[in-house]
Amino acid sequence: MPDTSTISAPGSRVGRPVADPTLSAVDQQRLWEELAHGCEGCGDPLVRGLLATGIRNHATFANALAALIGRKLGDRSVADDALSELVTEVFLADPEIVAAAAADLVAIRERDPATADYATPFLFFKGYHAVQSHRVAHWLWRAGRRHLALHLQSRASELFAVDIHPAARLGRRILLDHGTGIVIGETSVLEDDVSLLQGVTLGGTGKNVGDRHPKVRRGVLIGAGAKILGNIELGEGAKVGAGSIVLESVPPFTTVVGNPARPVGTRHSALPAFTMDQMLPPIDYMI
């Protein structure tokens, strides 16, 4: 599926799509130049080594990302270097994983007001790290290397407090804002341009087997602490209020809040994952 992200000139904010956002694509070389540019202003001697090993010592975005995942997830069971080499092999086998990782990074800068450059989320945002670790684990899962995929899931859960089953399917431009406490179950699907805040659960409703987890369509925004349970669908552009418990499918471009969640206000037309607007729509009644 085509990418919707755009890259700005070095030093500026990310360019906003001016027409159909599905027509533009991430230029990985230019993104890599932006990453390197983000390191130039740092004079802290204690951080220079981190910037070097994380970004400057690598020739490409893919190489740096493979090294980062290896360094983060490596342990006594699977050494850093061996894991980085494995991730590099996965990237060579499926370049779409790298393209998705680049698109995710651009999406973070586009949507997160706390992000001043690309280097910051690349090096420090555990939501980003969790998604990229999952992309590798998902490839391993589909390749039949399931114990290794589960090992990466376990390590990512320990390190990032984000638990994504390797079988879950994620699109591009995924934002896990803060990340802490997010759980995404085995048969979950997240389409492109989805934003989740901390504490979100995409879970089942019991001991059912088979297809039992939520399907999250394009442009959905799920607020902090929301629980989406069961094989239900959040329609395109839906918004789920913080702390809500969603047990039934949500129509497209509809806001739901509460326990159990219910629609409020009138339907909207924008994709809330882009705006990150968590406010409720105007309502004409009080309970």
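Residues 24 or more positions apart account for 47% of the contacts in the protein with a separation of 6 or more, where contact means heavy atoms within 4.5 Å. The structure is a predicted model, in which local features need pLDDT of at least 70 and side-chain atom pairs count only at pLDDT 80 or more, while totals for chains, interfaces and linings use all residues. Residues are numbered from 1 along each chain as its sequence is written, and side-chain values use heavy atoms, with hydrogens and water left out.

The protein has nine helices and 15 strands in its secondary structure. These elements are DSSP runs numbered from the N terminus, helices being H or I over at least four residues and strands being E over at least two. Of the 287 residues, 52% count as buried; buried means under 20% relative accessible area, exposed means over 50%, and partly exposed lies in between, with a 1.4 Å probe and protein chains only.

In soluble globular proteins, nonpolar side chains tend to be buried together. The largest nonpolar core of this model has 75 residues. Such a core is a set of buried Ala, Val, Leu, Ile, Met, Phe, Trp, Tyr and Cys residues joined through side-chain atoms within 4.5 Å. The residues with the most contacts inside the core are Phe61, Phe91, Phe122, Leu196 and Ile222. At least three residues of this core come from each of domain 1 (26-161) and domain 2 (168-286), with the domain bounds taken from an automatic or database domain assignment.

Phe61 offers a starting point for the helical part. Leaving aside neighbours within four places in sequence, Phe61 is in contact with Gln28, Leu31, Trp32, Leu35, Val98, Ala101, Ala102, Leu105, Phe122 and Tyr128. The preceding residue, Thr60, lies in the loop between α2 (45-56) and α3 (61-73). Thr60 counts as partly exposed because its relative accessibility is 33%. Although Thr60 and Gln29 are 31 residues apart in sequence, their C-alpha atoms are 7.4 Å apart in space.

Helix α3 packs against α7 at an angle of about 95°, with their axes 11 Å apart. The axes are lines fitted to C-alpha atoms, for helices over the stretch in contact, and angles run from 0 to 180 degrees between N-to-C directions. The two helices, α3 and α7, are therefore roughly perpendicular; angles of 65 to 115 degrees count as roughly perpendicular, those under 35 as roughly parallel, those over 145 as roughly antiparallel, and the rest as oblique. From α3, the residues Phe61, Leu65, Leu68, Ile69, Lys72 and Leu73 meet Tyr128, His129, Gln132, Ser133 and Val136 in α7.

Within this packing, Gln132 belongs to helix α7. Gln132 counts as buried because its relative accessible area is 2%. Not counting residues up to four places away in sequence, Gln132 touches Leu65, Ile69, Ala101 and Asp104. Gln132 and Leu65 are 67 residues apart in sequence, and 8.5 Å separates them C-alpha to C-alpha.

Helix α7 (residues 126-142) also packs with helix α4 (residues 80-93), at an angle of about 75° and with axes 10 Å apart. For this reason α4 and α7 are likewise roughly perpendicular to each other. Leu86, Val87, Val90, Phe91 and Ala93 of α4 make the contact with Val136, Trp139 and Leu140 of α7.

The description now turns to the strands. Two strands pair if DSSP finds at least two bridges between them. One open sheet of five strands has the order β1-β4-β7-β10-β13, with parallel pairing. Its edge strands are β1 (162-164) and β13 (245-246), each of which pairs on one side only. Inside this sheet, β4 (residues 182-184) and β7 (residues 201-203) pair in the parallel sense over two bridges, and Val183 has Thr201 as its bridge partner in β7.

Another open sheet consists of four strands in the order β2-β5-β8-β11, again with parallel pairing. Here the edge strands are β2 (169-170) and β11 (233-234), each pairing on one side only. Two bridges join β8 (residues 215-216) to β11 in parallel, and Val216 stands opposite Leu234 in β11.

Strand β14 (residues 255-258) is joined to β12 (residues 239-240) by two bridges, and the two run parallel; Thr255 in β14 is the bridge partner of Lys239. Four bridges join β14 to β15 (residues 261-264), and this pair runs antiparallel. Val256 has Pro263 as its bridge partner in β15, and a hairpin joins β14 to β15 through two residues.
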